Amino acid sequence: MKKIMLVCSSGSSTSLLVKKMQEAAQKKGLKDVEIVATSQAEAKNHYDDTDVLLLGPQVRYLYNELKKTLAGKKIVLDVINSRDYGMMNGKAVLEQALKLANQKDV
């Protein structure tokens, strides 16, 4: 099971994107993927069971801080493409996350 966590300021703006990603995963027949959204404050409570952490564009400033925090943990960190985020392109963001998860496994 791969767990993908989307992080934004409050967790609410990524909730719709999570829904779109879940729909895209279902269309692809992926059953081993869990996608969740959370706020930046709550994210630390989920590090232990997360494979890919994607930051919303509005919190991209957290990237360097999280890179240090996550050092030594097996979590891949990236920022969601602003255009894909703005268009709520769940398919593209899912592909981004899956590609990162596969890199992690190598």
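# A walk through a predicted α/β chain

The chain has five helices and four strands. This is a predicted model, and the values below were computed from its atoms. Followed along the sequence, the elements come in the pattern β-α-β-α-β-α-β-α-α. The radius of gyration is 12 Å, close to the 13 Å that the globule rule gives for 106 residues, so the chain is as compact as a globular protein of that length. The C-alpha trace spans about 35 × 30 × 20 Å along its principal axes.

Some totals describe the chain before individual residues are considered. Of its 106 residues, 45% count as buried. Among contacts between residues at least 6 apart in sequence, 70% join residues at least 24 apart. The accessible surface comes to about 6,100 Å², and carbon and sulfur atoms account for 49% of that area. As for charge, there are 17 positive and 12 negative side chains, and the centres of these two sets lie 4 Å apart.

Helix α1 covers residues 13-27, and K19 is found in it. K19 has a relative accessible area of 47% and is therefore partly exposed, since the exposed class begins over 50%. From K19 to D49 the separation is 30 residues in sequence and 20 Å in space, C-alpha to C-alpha. E23 also has its place in helix α1. With a relative accessibility of 36%, E23 counts as partly exposed. The C-alpha atoms of E23 and V59 are separated by 24 Å, and the two residues are 36 apart along the chain.

The next residue to consider is in strand β2, which consists of residues 33-39 and includes S39. S39 counts as buried because its relative accessibility is 12%, and the buried class lies under 20%. What does S39 touch? Leaving aside neighbours within four places in sequence, S39 is in contact with V7, C8, S9, S10 and G11.

The loop between α2 and β3 holds two residues to look at in turn. One of them is K44. K44 is exposed, with a relative accessible area of 54%. Its side chain reaches the backbone oxygen of A41 at 2.8 Å. K44 and T69 are 25 residues apart along the chain, and their C-alpha atoms are separated by 9.3 Å.

The other is D51, in the loop that runs between α2 (40-43) and β3 (52-55). Is D51 buried or exposed? D51 is buried, with a relative accessible area of 12%. A polar atom of the D51 side chain lies 2.8 Å from the backbone nitrogen of K3. When neighbours within four places in sequence are left aside, the contacts of D51 are M1, K2, K3, K74, I75, V76 and K104. K3 thus appears both in that list of contacts and as the backbone partner of the D51 side chain.

The last stop is M88, in the loop between α4 (82-86) and α5 (90-105). Most residues other than glycine have a negative phi. Phi of M88 is near 50°, a positive value in a residue other than glycine. Is M88 buried or exposed? With a relative accessible area of 19%, M88 counts as buried, because the limit for that class is under 20%. Not counting residues up to four places away in sequence, M88 touches S13, L16, L17 and K20. The C-alpha atoms of M88 and I35 are separated by 15 Å, and these residues are 53 apart along the chain.

Put side by side, the loop residues cover both ends of the accessibility scale: D51 is buried and M88 is buried, whereas K44 is exposed. In the strand, S39 is buried. In helix α1, K19 is partly exposed, and E23 is partly exposed.

Definitions and conventions. Residues numbered from 1 in each chain as written. Predicted model: local features only at pLDDT ≥ 70, side-chain atom pairs only at ≥ 80, totals over all residues. Heavy atoms only, no water. Buried < 20%, exposed > 50% of the residue type's maximum accessible area, 1.4 Å probe, protein only. Polar contact = N/O pair within 3.5 Å; in protein donor to acceptor, adjacent residues only side chain to side chain. Contact = heavy atoms within 4.5 Å. Rg over C-alpha atoms; globule rule 2.2 N^0.38 Å. Areas by Shrake-Rupley, 256 points an atom, 1.4 Å probe, with all protein chains shown as cover. Lys, Arg positive; Asp, Glu negative; His and termini not counted. Charge placed at Lys NZ, Arg CZ, Asp CG, Glu CD.
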